[in-house]
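Ready for some practice in reading a protein model? Work through the exercises below with the structure open beside you, and try each task before you look at its solution.

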Amino acid sequence: MQRPKYKRIILKLSGEALAGDKGFGIDTNTIASISQSIKEIQNLGVEVAIVVGGGNIWRGRSGKGMDRTTADHMGMLATVINALALQDALEYYDIQVRVQTAIEMRQIAEPYIRRKAIRHLEKGRIVIFAAGTGNPFFSTDTTAALRAAEIEAEVILLAKKVDGVYDSDPVINPNAKKFEFLSYIDVLNKGLKVMDSTATSLCMDNEIPIIIFGLSDPNNIKRVVLGENIGTYVKED
């Protein structure tokens, strides 16, 4: 059996990743492919925690003219919808899953409790963290960094539509340069859109490496976990 490089990971899935080519909502084929890939890495003995975004349903900054706190709370609820959809897809493949939310909604999910989350991981269950941090003005990227620090994850896997970090938009500029390695300071100083600055700073303070890779091929999740050099690796100098 192949030996994974990491024992415990945070997989950050954007809402857009769950939408597939549709661009909005939840694409069942896409979420099924992602679930199969997650099952494969779990079978390698990797403890998997997942943070989901909600941009395929609602973004807080979309609420033009709306109170920011209200708009952000709506975004948190969007992440819960995605978490439940992902839970259902994973359970189809006989994977034990627990959804934990930063905002209590006991009828559909557990409240976030750090020790309980770690215990679930130790028992081989996948834990999905939903509703962000439970606070407005903080992104799900910051949630991924915070939860990674709390559960002592070895790495954050940032699954995106683009296959890494570039010096400019590769869709607009065909000559855009892809970075293989970056330091946290590089990301902050260059204003690169890896994670927001709060999340990047939190990773830097806690020495949590970040790997940004494309999800066009769901098998990339397994490739990263096995230590294959794809995407962009962000760590300390």
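We begin with a residue on one strand and its partner on another. L13 stands opposite A159, a residue of strand β6. Keep in mind that the model is predicted.

**Exercise 1. Find the neighbours of β6**

Task: Which strands pair with β6, and in which sense, parallel or antiparallel?

Solution:
- Step 1. Recall the general idea: strands of a sheet pair through backbone hydrogen bonds, either parallel or antiparallel.
- Step 2. Look at strand β1, residues 8-13, which pairs with β6 in the parallel sense over 5 bridges. The couple L13 and A159 from the opening shows where to look.
- Step 3. Now turn to strand β10, residues 210-214, which is joined to β6 by 5 bridges and runs parallel to it. Here A159 has F213 as its bridge partner, while L158 stands opposite I212.

**Exercise 2. Buried or exposed?**

Task: Is strand β6 largely enclosed or open, and how many residues of β10 are buried?

Solution:
- Step 1. Take the cut-off: a residue is buried if its relative accessible area is under 20%.
- Step 2. Apply the cut-off to β6, residues 155-160. Because 5 of its 6 residues are buried, β6 is largely enclosed by the rest of the structure.
- Step 3. For β10, 5 of its 5 residues are buried, and the strand is mostly covered.
- Step 4. Check the two faces of β10 separately. I210, I212 and G214 are buried on one side, and I211 and F213 are buried on the other, which leaves both faces covered.

**Exercise 3. Walk across the sheet**

Task: What is the order of the strands in the open sheet of 9 strands, and which strands lie at its edges?

Solution:
- Step 1. Follow the sheet from one end to the other: the order is β4-β3-β5-β2-β1-β6-β10-β11-β9, and the pairing is mixed.
- Step 2. Find the strands that pair on one side only. These edge strands are β4, residues 110-111, and β9.
- Step 3. See the mixed pairing in two places. β10 and β11 run antiparallel and are joined by 3 bridges, with I210 opposite V234. β9 and β11 are also joined by 3 bridges, but they run parallel, and S183 has K235 as its bridge partner there.

**Exercise 4. Sort the aromatic pairs**

Task: How many aromatic pairs are counted, and what is the geometry of the pair Y92 and Y93?

Solution:
- Step 1. The count comes to 3 aromatic pairs.
- Step 2. For Y92 and Y93, the ring centres are 5.2 Å apart and the planes stand at 90 degrees, an edge-to-face pair. Y92 is exposed at 65% relative accessibility, whereas Y93 is buried at 19%.
- Step 3. Compare the pair F181 and Y233. Its ring centres lie 6.1 Å apart and its planes are at 50 degrees, so this pair is tilted.
- Step 4. Place the two rings in the sheet. F181 belongs to β9 (residues 181-183) and Y233 to β11 (residues 232-235), so the pair ties together parts that are 52 residues apart in sequence.
- Step 5. Add the accessibility: F181 is partly exposed at 49%, and Y233 is buried at 18%.

**Exercise 5. One arginine, which rings?**

Task: Over which rings does the charged end of R147 sit?

Solution:
- Step 1. Start with Y112: the charged end of R147 sits over this ring, 3.7 Å from its centre.
- Step 2. Go on to F129: the charged end of R147 sits over this ring as well, 5.7 Å from its centre.

**Exercise 6. Explore a pocket**

Task: Which helix gives the most residues to the lining of the second largest pocket?

Solution:
- Step 1. The second largest pocket holds about 220 Å³ of space. Two elements give two or more residues to its lining: α1 (15-19) and α2 (28-43).
- Step 2. The most comes from α2, with 3 residues.
- Step 3. Sort the lining by character: 4 residues are nonpolar, 4 polar and 4 charged. Among the lining residues are E16, D21, T30, K160 and L215.

**Exercise 7. Two positive phi angles**

Task: Are A131 and F137 buried or exposed?

Solution:
- Step 1. Locate A131 in the loop between β5 (126-130) and α5 (140-151). F137 lies in the loop between β5 and α5 too.
- Step 2. Read phi: near 70 degrees for A131 and near 75 degrees for F137.
- Step 3. A131 is buried with a relative accessible area of 0%, whereas F137 counts as exposed at 51%.

Note on methods:
Residues are numbered from 1 along each chain as its sequence is written. This is a predicted model: local features need pLDDT of at least 70, side-chain atom pairs count only at pLDDT 80 or more; totals for chains, interfaces and linings use all residues. Side-chain values use heavy atoms; hydrogens and water are left out. Buried means under 20% relative accessible area, exposed over 50%, partly exposed in between (1.4 Å probe, protein chains only). Helices (H or I, at least four residues) and strands (E, at least two) are DSSP runs, numbered from the N terminus. Two strands pair if DSSP finds at least two bridges between them. On a 1 Å grid over the protein atoms alone, a cavity is a set of points where a 1.4 Å probe fits but cannot get out, and a pocket is an open set with protein on both sides within 12 Å along at least five of seven lines; lining residues have an atom within 4 Å of a point. Grid points are joined across faces, edges and corners, and a volume is the space filled by probe spheres set on the points. Ala, Val, Leu, Ile, Met, Phe, Trp, Tyr, Cys and Pro count as nonpolar, Asp, Glu, Lys and Arg as charged, and the others, Gly among them, as polar. Rings of Phe, Tyr and Trp (its six-membered ring) pair if their centres lie within 6.5 Å; planes under 30 degrees apart count as stacked, over 60 as edge-to-face and the rest as tilted. A charge sits over a ring if NZ of Lys or CZ of Arg is within 6 Å of the ring centre and within 35 degrees of the ring normal.
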